[in-house]
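Subject: Structure handover

Hello,

Here is the structure for you to look over. My notes on strands, one loop and the cysteines follow below.

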Amino acid sequence: MKFRTSFLIRQIKITCLFIFFFLSKEIFPQQVCFSTPGTVLYSSGGTDIRDIKNFDFNDDRIQDIIVSNAAGPDYSILLSDGLGGFQMPIDIPNGGATSFVLADFNQDGNIDIATNVGSILFGSGQFTFNAPVKYNFAGAPDKIDTADLNNDNILDLVANESNGIIQVLLGLGNGLFTNKITTPAGNQDFFISDVDNDGIKDILSCYNDFGNGISKIFFLKGSGNGNFSSTVILNLNIKANDVFLEDLNNDGKKDMIVIHSANDSISIYENTGNLQFSLSNRFYCGGYPNSPTLYDLNYDGIKDLIVSLDGPNSTRIYQGFGNFQYGNEFTLLSSVNPDNYIVADINNDNRADIVVPSIYSGQGYVHPLLNCMTISGMKEKEKEDLLIFINNENMFIKNNLVDHAELTISDVLGKIVKKATLIFGENQISMNSLADGIYFYNIIGGKRHLYSGKIMMN
């Protein structure tokens, strides 16, 4: 059986919720796909999620998540169950924020939370944080980020203000910060990076002239002591609200991606050297794009673009093809007005998954979407001591990890079509009973997720 290109969306209705699988009818070696685990939504314990980050809070080498809630507990930690889902939320009171960063600011070995409302919650253990300590950010910044801006191996803080000021607080290494340094620049998003490759962190920021409908991209050149000199490197005739850098053509220079939410478009500029950027691509995506991320989701060596859109079911992926080109767009039907998401391996299968905030019946939830990357063209996959070989007749599994493991094979609708118990050592499973089509397999050893993948029978 041969498959032809176009996207297919299958739906299963379970207790008034929907599970969606995103597949291509012709599976190319680099095609990305995502599926949901058995439970679609996991409660955050609050009514709305403002920000989301990932971190391994319980040292089990699997990424967990933490969210800030608009109402209910200020923060909630959701520990991964190792299979792509999450356990019940652990509530953290004090210091709720719309933007926060995780780092060890007082160098005591515990993760801390710094917020855009001018406070830090110092960690005192796996899931416990002390009462917030205030620091000196002026106004109400929309975003906060952290980096070492003066090369002293101590993390500093950066935040923006709606009046067009970038604020910098230099860290002292004990959780305290110096008086703020301010630089006139953007009133929208900012991005910290060594823009000019001189070994010192710089800042790019967007400034919108709302009256005239134009924007500027500011380059704040770092001096190495926490001060910045501001220069306009790009004038735009459309509003810009997000900017970030990534080397998209592997020439050693960071190219620029600009998000135009009001114009529903994304612009990509090639870095031609000497802080000169040339427009290489602009495409329209609709729905007020924001929160861009680049990540190689299908491990073909080319990073794909992920954005959030305004409205229901609005996290979108554009597959990267190289040479600044993106296409094969598809939408992850997962959430309502997602402002943020995280990309992390939450089921320990060495693939990048996506977790998106969601609202359902007035409550905040997170929606995990598991990466089931196509392995077409790669007949062998070795992970630690697990070796898998698949052809149209048999599946051979060499299991040197656990005494016993369970294999399940499901069709695109989620129906289990085959089960097998794997012993330690060599296993052979007949595939003759499977019709032509696409299947997913999972291998579970005890409560540990060992591996998952996709099978194409033809």
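Strands here are DSSP runs (E, at least two residues), numbered from the N terminus. Two strands pair if DSSP finds at least two bridges between them. The model is predicted, so local features need pLDDT of at least 70, side-chain atom pairs count only at pLDDT 80 or more, and totals for chains, interfaces and linings use all residues. Residues are numbered from 1 along each chain as its sequence is written, and side-chain values use heavy atoms, with hydrogens and water left out.

**The four-stranded sheet**

One open sheet has four strands in the order β21-β22-β23-β24. The pairing is antiparallel. Its edges are β21 (242–246) and β24 (276–284), and each of these pairs on one side only. From one strand to the next, the twist averages 20 degrees. The axes behind that angle are lines fitted to C-alpha atoms, and angles run from 0 to 180 degrees between N-to-C directions.

Inside this sheet, β22 (residues 255–260) meets β23 (residues 265–273) over five bridges, in the antiparallel sense. On that pairing, His260 stands opposite Ser265 in β23.

**Strands around β34**

β34 (residues 394–411) pairs with β33 (residues 386–390) through five bridges, antiparallel. Leu386 has Asn399 in β34 as its bridge partner.

β34 also runs antiparallel to β35 (residues 416–430), with 13 bridges joining them. There, Ile409 is bridged to Lys418 in β35.

Then comes β36 (residues 437–445). Six bridges link it to β34, again antiparallel. Thr408 sits opposite Asn442 in β36.

As background, strands of a sheet pair through backbone hydrogen bonds, either parallel or antiparallel.

**A loop aspartate**

Asp349 lies in the loop between β29 (342–344) and β30 (353–360). Is Asp349 buried or exposed? Asp349 counts as buried because its relative accessibility is 2%. Buried means under 20% relative accessible area, with a 1.4 Å probe and protein chains only. The Asp349 side chain reaches the backbone nitrogen of Arg351 at 3.0 Å.

**Cysteines**

How many disulfides does the structure hold? Zero. The test is a pair of cysteine sulfur atoms within 2.5 Å. Two cysteines to look at are Cys206 and Cys285. Cys206 is buried, at 0% relative accessibility. Cys285 is buried too, with a relative accessible area of 8%.

Best wishes

Definitions and conventions: Buried means under 20% relative accessible area, exposed over 50%, partly exposed in between (1.4 Å probe, protein chains only). A polar contact is a pair of N or O atoms within 3.5 Å; within protein, one must be able to donate a hydrogen and the other to accept it, and residues adjacent in sequence count only if both atoms are side-chain atoms.
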